[in-house]
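This report walks through selected features of one protein model, from ring contacts to strand pairing and backbone geometry. Please keep the sequence and the structure at hand while reading.

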Amino acid sequence: MTFDVFVVGSGGGPFEDNLSSYFLKPSDSSWKDGIIALEAGSGLGALNRLLTTHSDVFASPESESEVDAPITPTAAEIYSWIQCYLITHPHLDHINGLILSAGSTKGPPIPVRGTQETLEVVADAFSGKLWPALASWTESPNIAYHLSPLSLSDAYIPLTATLSVRTFPLSHGTPPGAAPTYASSAFLLRHTPSARELLFLGDVEPDALSARPQNRALWRAAAPKVPHALAALFVECSWPAGRADALLYGHLSPSHLADELTVLAREVVASRERTRARERNGDGTGGGGDGEEDAEARQPRKRRRKRVSDPDVDVRGALAGLRVFITHCKDDLHGAFDRPIREVIAGQVRALVDERELGAEIVAVEQGMLICTSALPYRLCRGPRVLTPRSYMNGLTRRRTVSAVQQCTNNVP
């Protein structure tokens, strides 16, 4: 089992037509069965525009006949399939579409999930001053959204019959003149029947620069799952190489992201060593699992191993099988580069990851992409851009001729 993710928007601004917004579903269900909306920066307008070139993503044929044209739903109809919103933090480039589309929703209130701190800001937006009061902490009639907080705990909270989420705190920088660090979050989504997972990070600063470093705790929780249960990581890298640390404003650059992935790789190595120790001992002294204590502290002194933080821990190949999807790239306002900024930044991250031999695959996320997070071989096509297992592509081509898909390149991760 795997997930399908359609990229409604992937940019980090300031262009308002391509902001953080992702539709997710289990790959064994249809979009009409229910969508989890990860973020809501771009909304109905972006989706309506994308449907002119990506209509087949959401189309459903009237019958199995190859001659029947698929029925393409409208953007409003697709929005009616949203079962839940997950919001990492309440900056406008992550909730713009949520606000603007509130007056167009039909049916019962849609749950909006996030930390209490995030939802309090969302509630302020629907106070009746900035926007009509269409959100409530209770399931009241005549509202669009039901604000439902997620706890920051080890528990997975059910979202649908088959999907659950665990929420982690992240730090998103300290605004000028403000004492507290701005809070963001990450979502570890689990398909309950298969136990396959996907990790999605909101805006985040590097632990090396943070007044409140929280990333390592996330990497430690994720490490035991890589790559057998967790093979897809969505993480921001807002700025290209060369930007000063003082100008990152709570975001990552390629060098800092490579450092964070190296920490994850060290945690993966440490987790595997603990697993091997547990298997040798046969009594659980090797540790393991989410929220585990430092196994080094539990081992007899004569058997202690190198700490995870040791720079000479061998991390080569530790992230093999993990795909890292680069999101939230800030728009190249002044045309400094001769190719899309997402490709520039992803290329810079890829070079650093390859130099360190971490083994992860780096993918630049593009608006309009369909991503299937399978561990199977996949096909990357351009025009429209589809990242999908071959079985999914074959299912589409049985119903129509994919005339727009060109320059396909087969890749085996």
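A residue is called buried when its relative accessible area is under 20%, exposed when that area is over 50%, and partly exposed in between. By this measure, Phe-234 and Phe-325 are both buried. The model is a predicted one, and the values below are computed from it.

## Aromatic pairs

A search of the whole structure finds 10 aromatic pairs. One of them joins Tyr-22 and Phe-200, whose rings meet edge-to-face, with 5.3 Å from centre to centre and 70° between the planes. Because Tyr-22 belongs to strand β2 (residues 19-26) and Phe-200 to strand β13 (residues 196-201), this contact ties together parts that are 178 residues apart in sequence. Tyr-22 and Phe-200 are both buried.

The pair of Phe-234 and Phe-325 has another geometry to consider: the ring centres are 4.6 Å apart and the planes meet at 15°, and since planes under 30 degrees apart count as stacked, the pair is stacked. Phe-234 lies in strand β14 (residues 230-236) and Phe-325 in strand β15 (residues 323-327), so that distant parts of the chain, 91 residues apart, are linked by the pair.

The two pairs are set out here.

| Pair | Centre to centre | Angle between planes | Arrangement |
|---|---|---|---|
| Tyr-22 and Phe-200 | 5.3 Å | 70° | edge-to-face |
| Phe-234 and Phe-325 | 4.6 Å | 15° | stacked |

Ring pairs also link Phe-6, Phe-23, Trp-31, Phe-58 and Tyr-79 into a cluster. Trp-31, a member of this cluster, has the charged end of Lys-25 sitting over its ring, 5.1 Å from the ring centre. A charged residue is placed over a ring at Tyr-156 too, where Arg-190 lies over the face at 3.8 Å from the ring centre.

## Strand β2 and its partners

How many of the residues of β2 are buried? The strand is mostly covered, with eight of its eight residues buried. On one hand, β2 is joined by seven bridges to strand β1 (residues 3-12), and these two strands run antiparallel; within this pairing, Phe-3 has Pro-26 of β2 as its bridge partner. On the other hand, β2 pairs with strand β3 (residues 35-38), also in the antiparallel sense, over three bridges, and here Leu-24 has Ile-36 of β3 as its bridge partner.

Strands β1 and β2 form a hairpin with six residues between them, in which Gly-13 takes a positive phi near 85°. Gly-13 is also joined to Pro-14 by a cis peptide bond, with omega at about 5°, and Pro-14 is found in the loop between β1 and β2.

## The seven-stranded sheet

Strands β13, β14 and β15, which carry the rings of the two pairs described above, take part in an open sheet of seven strands, whose order is β10-β11-β12-β13-β14-β15-β16 and whose pairing is mixed. At the edges of this sheet are β10 (157-158) and β16 (361-364), each of which pairs on one side only. Within the sheet, β14 and β15 pair in the parallel sense over five bridges, and the bridge partner of Leu-233 in β15 is Val-324.

## Helix packing and loop geometry

Helix α5 (residues 215-222) packs against helix α6 (residues 254-281) at an angle of about 40°, and their axes are 8 Å apart. That angle makes α5 oblique to α6, and the crossing of the two helices is right-handed.

In the loop between α5 and β14 lies Pro-227, and the peptide bond that leads to Pro-227 from Val-226 is cis, with omega near -10°.

Two residues other than glycine also take a positive phi. For Ala-195 the value is near 65°; Ala-195 is found in the loop between β12 (183-191) and β13, and because its relative accessible area is 36%, Ala-195 counts as partly exposed. For Tyr-249 phi is near 55°. Is Tyr-249, in terms of relative accessibility, buried or exposed? Tyr-249 lies in the loop between β14 and α6, and with a relative accessibility of 52% it counts as exposed.

Conventions: Residues are numbered from 1 along each chain as its sequence is written. This is a predicted model: local features need pLDDT of at least 70, side-chain atom pairs count only at pLDDT 80 or more; totals for chains, interfaces and linings use all residues. Side-chain values use heavy atoms; hydrogens and water are left out. Rings of Phe, Tyr and Trp (its six-membered ring) pair if their centres lie within 6.5 Å; planes under 30 degrees apart count as stacked, over 60 as edge-to-face and the rest as tilted. Helices (H or I, at least four residues) and strands (E, at least two) are DSSP runs, numbered from the N terminus. Buried means under 20% relative accessible area, exposed over 50%, partly exposed in between (1.4 Å probe, protein chains only). A charge sits over a ring if NZ of Lys or CZ of Arg is within 6 Å of the ring centre and within 35 degrees of the ring normal. Two strands pair if DSSP finds at least two bridges between them. Axes are lines fitted to C-alpha atoms, for helices over the stretch in contact, and angles run from 0 to 180 degrees between N-to-C directions. Angles under 35 degrees count as roughly parallel, over 145 as roughly antiparallel, 65 to 115 as roughly perpendicular and the rest as oblique. A crossing is left-handed if the near helix is turned anticlockwise from the far one by less than a right angle, and right-handed if clockwise.
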